[in-house]
Amino acid sequence: MTLPAFHAPTPTDMRRSMGRFTTGVAVVSADDGDGNPSAMTISSLTSISLDPAILLVSLTHGSRTTEAVEAAGSFAVSVLGSRQEALARRFATRGGARFDDLPCDRSRSGLPLIKDALAQLECRVHSAHDIGDHRVFYGEVTDMRCREGTGLVFYSGRFGDFHDFGHDEVPWLF
Ligand SMILES: Cc1cc2nc3c(=O)[nH]c(=O)nc-3n(C[C@H](O)[C@H](O)[C@H](O)COP(=O)(O)O)c2cc1C
């Protein structure tokens with residue numbers, strides 16, 4: 001099969017190409033200052049530093065959650081498990097009342113967290129930068145917990161789960 005010619009990326013090309021990069025799925029949440037929780041599904045979660053513990057999330061301009069994180073100076077991250085696709089869709093759907101009828105956990109400082117998530121992390125905004133059409137937040141992790149389970153995976157616009165090859169664990173991770 002012949003490969004297509006190289007060309008400058010359109011936003012659709014960019015989404016399609018980066019969609020070939022398999023990611024996990026998380027929900028970023030914050031309080032908007034009036035006690036209302038705000039949250040959105042993301043795949044841009046990246047570990048930046050282990051000591052100090054710093055992670056990165058890239059949030060689109062114009063989202064309520066982006067504004068809430070900016071205003072609050074803090075946010076929470078819930079890493080979704082493979083049985084939480086419906087939540088990933090719910091928190092990626094524009095306009096919906098995302099927390100209606102949804103029992104949540106709370107971090108020790110009161111931020112909303114997704115129940116049964118594989119990892120729940122609370123962050124203080126370390127720094128933030130506008131890059132293109134997103135605002136990138138570096139979060140210093142101040143509190144966290146995690147549990148065993150299988151992660152929800154996103155690839156090429158579809159959700160799935162992770163199956164390992166059954167080989168040895170990579171030693172430097174553990
Ligand atoms: C799997 C998945 C991953 C996503 N990752 C991101 C992301 O990293 N950053 C982002 O800004 N939007 C991301 N989105 C899109 C937002 O979840 C979606 O636009 C959401 O409606 C934005 O919240 P808002 O309606 O409050 O603006 C993702 C959506 C899905 C389904």
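Reader: Why is Met14 called partly exposed?
Author: Met14 has a relative accessible area of 46%. Partly exposed is the range between buried (under 20%) and exposed (over 50%), worked out with a 1.4 Å probe and protein chains only, so Met14 falls in the middle class. A quick heads-up: this is a predicted model, where local features need pLDDT of at least 70, side-chain atom pairs count only at pLDDT 80 or more, and totals for chains, interfaces and linings use all residues. Residues are numbered from 1 along each chain as its sequence is written, and side-chain values use heavy atoms, with hydrogens and water left out.

Reader: What makes Met14, Met18 and Phe21 a nonpolar patch?
Author: A patch takes residues with over 30% relative accessible area and no salt bridge, joining nonpolar side chains (Val, Leu, Ile, Met, Phe, Trp, Tyr) within 5 Å and like charges within 9 Å. Met14, at 46%, clears the area cut-off. Together the three residues offer about 340 Å² of accessible area, a quantity that comes from the Shrake-Rupley method with a 1.4 Å probe, counting only the protein chains shown as cover for residues. Met14 itself sits in helix 1 (residues 11–18); helices are DSSP runs of H or I with at least four residues, strands are runs of E with at least two, and both are numbered from the N terminus.

Reader: How do you know that Asp143 and Arg108 form a salt bridge?
Author: The rule asks for a side-chain nitrogen of Lys or Arg within 4 Å of a carboxyl oxygen of Asp or Glu. Here the N to O distance is 2.7 Å, so the pair passes. Asp143 is in strand 10 (residues 134–146), while Arg108 is in the loop between strand 7 and strand 8, 35 residues apart from it. Arg108 counts as exposed because its relative accessible area is 75%. Over the whole structure, eight salt bridges turn up.

Reader: What makes Asp116 and Arg147 a salt bridge too?
Author: Their side chains are 3.6 Å apart, N to O, so they also fit within the limit. Asp116 is in the loop between strand 8 and strand 9, and Arg147 is in the loop between strand 10 and strand 11 (152–155), so the pair ties together parts 31 residues apart in sequence. Arg147 is partly exposed, because its relative accessibility is 48%.

Reader: Why is Arg135 called buried?
Author: Its relative accessibility is 17%, so Arg135 goes below the buried cut-off. Arg135 still has a salt bridge with Asp130, their closest N and O atoms being 2.9 Å apart, and Glu70 joins these two in a network of salt bridges.

Reader: What makes Asp101 and Asp116 stand out in their backbone angles?
Author: Most residues other than glycine have a negative phi, and most peptide bonds are trans. Asp101 has a positive phi of about 60°, and Asp116 has one near 65°. Asp101 is in the loop between helix 3 (85–90) and strand 7 (104–106), and it counts as exposed because its relative accessibility is 79%. As for the peptide bonds, the one joining Asp51 and Pro52 is cis, with omega about 5°. Pro52 lies in the loop between strand 4 (46–49) and strand 5 (54–60).

Reader: How do you know that Ser78 is buried, and what does its side chain meet?
Author: Ser78 has a relative accessible area of 1%, so buried is the right word. A polar atom of its side chain is 3.0 Å from the backbone nitrogen of Ile114. That fits a polar contact: N or O atoms within 3.5 Å, where within protein one must be able to donate a hydrogen and the other to accept it, and residues adjacent in sequence count only if both atoms are side-chain atoms. Ser78 is in strand 6 (residues 74–79).

Reader: Which ligand atoms meet Ser58 and Arg94?
Author: A backbone N or O atom of Ser58 is 2.8 Å from a nitrogen atom of the ligand, and a side-chain N or O atom of Arg94 is 2.7 Å from a ligand oxygen atom. The protein covers 83% of the 630 Å² of accessible area that the ligand has on its own.
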